[in-house]
Amino acid sequence: YHVAVQSDDKIIVCGKESRFVSGVLEPHIFLWRFTPDGTTDMSFGNSGVVSFNSQAWLGTFETYLVINDLIILPNDAILVNQSFTKYPDSFVMLSSLTADGAFDTSFGGAGHSVHSE
């Protein structure tokens, strides 16, 4: 859904996927980082990929989970802006990750901040 470039020219691709977890199909957000030459950056997350879901949106239909934006901050930290509907309410969720793909635990609750619209 989104592509951003960090200051060292590493490329981050952000998207949405479905995974079976304990027999239930759940939506996940993924970030995949590539080096400037296009190879997977194995130092990012777990073998180049960070994948996560949220208790906030679980139980919603995946089609209602939208990745609105991916922003790289000046220190190469990563912000992912998501929105979702959990009837009858709508929510915005920001996820903050460090430059290497770890969640910034000083942001919101364990790297996520959820607000209803």
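**Exercise 1. Describe the hairpin of S5 and S6, starting from its turn.**

Solution. Five residues lie between the two strands of this hairpin, and one residue in the hairpin, Asp76, takes a positive phi near 75°. The model is a predicted one. Next, look at the strands themselves: S5 covers residues 66–72 and S6 covers residues 78–86. They pair in the antiparallel sense over six bridges. For one bridge in detail, take Leu70, whose partner in S6 is Val80.

**Exercise 2. Place S5 and S6 in their sheet, and find the edge strands.**

Solution. Strands of a sheet pair through backbone hydrogen bonds, either parallel or antiparallel. Here the sheet is open and has four strands in the order S5-S6-S7-S8, with antiparallel pairing. The edge strands are S5 and S8 (112–116), since each pairs on one side only. Neighbouring strands of this sheet are turned by 15° against each other on average, direction ignored. Then consider the pair S6 and S7: these strands run antiparallel and are joined by nine bridges. Within this pair, Gln82 stands opposite Met93 in S7.

**Exercise 3. Find the residues with the most contacts inside the largest nonpolar core, then follow the contacts of Val80.**

Solution. The largest nonpolar core has 18 residues. Those with the most contacts inside it are Ile12, Cys14, Ile29, Leu31, Leu70, Ile78 and Val80. Two or more residues each come from S2 (11–21), S3, S4 (49–52), S5, S6 and S7 (89–97). Now take Val80 and leave aside its neighbours within four places in sequence. Its contacts then include Cys14, Ile29, Leu31 and Leu70. Met93 and Leu94 are also among the residues that Val80 touches.

**Exercise 4. Are His28 and Leu25 buried or exposed, or in between?**

Solution. Both residues are placed in S3: His28 and Leu25. The relative accessible area of His28 is 7%. Buried means under 20%, so His28 is buried. Leu25 has a relative accessible area of 48% and is therefore partly exposed. Now list contacts, again without neighbours within four places in sequence. For His28 the list holds Gly15, Lys16, Glu17, Arg19, Val21, Ser51, Phe52 and Asn53. For Leu25 it holds Ser18, Arg19 and Phe20.

**Exercise 5. Where do Asp9 and Ser47 lie, and what is the sign of phi in each?**

Solution. Most residues other than glycine have a negative phi, and most peptide bonds are trans. Asp9 is not a glycine, yet its phi is positive, about 70°. Asp9 is found in the loop between S1 (2–5) and S2, and with 48% relative accessibility it counts as partly exposed. Ser47 has a positive phi near 60°. Ser47 lies in the loop between S3 and S4 and is partly exposed, at 42% relative accessibility.

**Exercise 6. How many salt bridges does the whole structure have, and which residues are joined into one network?**

Solution. Side chains of opposite charge can pair when their charged atoms come close. The search of the whole structure finds four salt bridges. One of them links Arg19 and Glu17, at 3.0 Å from N to O. Arg19 is partly exposed at 37%, and Glu17 is partly exposed at 23%. Another salt bridge joins Lys10 to Asp8, with the closest N and O atoms 4.0 Å apart. Asp41 and Arg33 meet at 2.8 Å, N to O, and both are buried. Salt bridges that share partners join Asp8, Lys10, Arg33 and Asp41 into one network.

Note on methods
Residues numbered from 1 in each chain as written. Predicted model: local features only at pLDDT ≥ 70, side-chain atom pairs only at ≥ 80, totals over all residues. Heavy atoms only, no water. Buried < 20%, exposed > 50% of the residue type's maximum accessible area, 1.4 Å probe, protein only. Contact = heavy atoms within 4.5 Å. Pairing = 2+ DSSP bridges. Core = buried A, V, L, I, M, F, W, Y, C linked by side-chain atoms within 4.5 Å. Axes fitted to C-alpha atoms, helices over the stretch in contact; angles between N-to-C directions. Salt bridge = Lys/Arg side-chain N within 4 Å of Asp/Glu carboxyl O.
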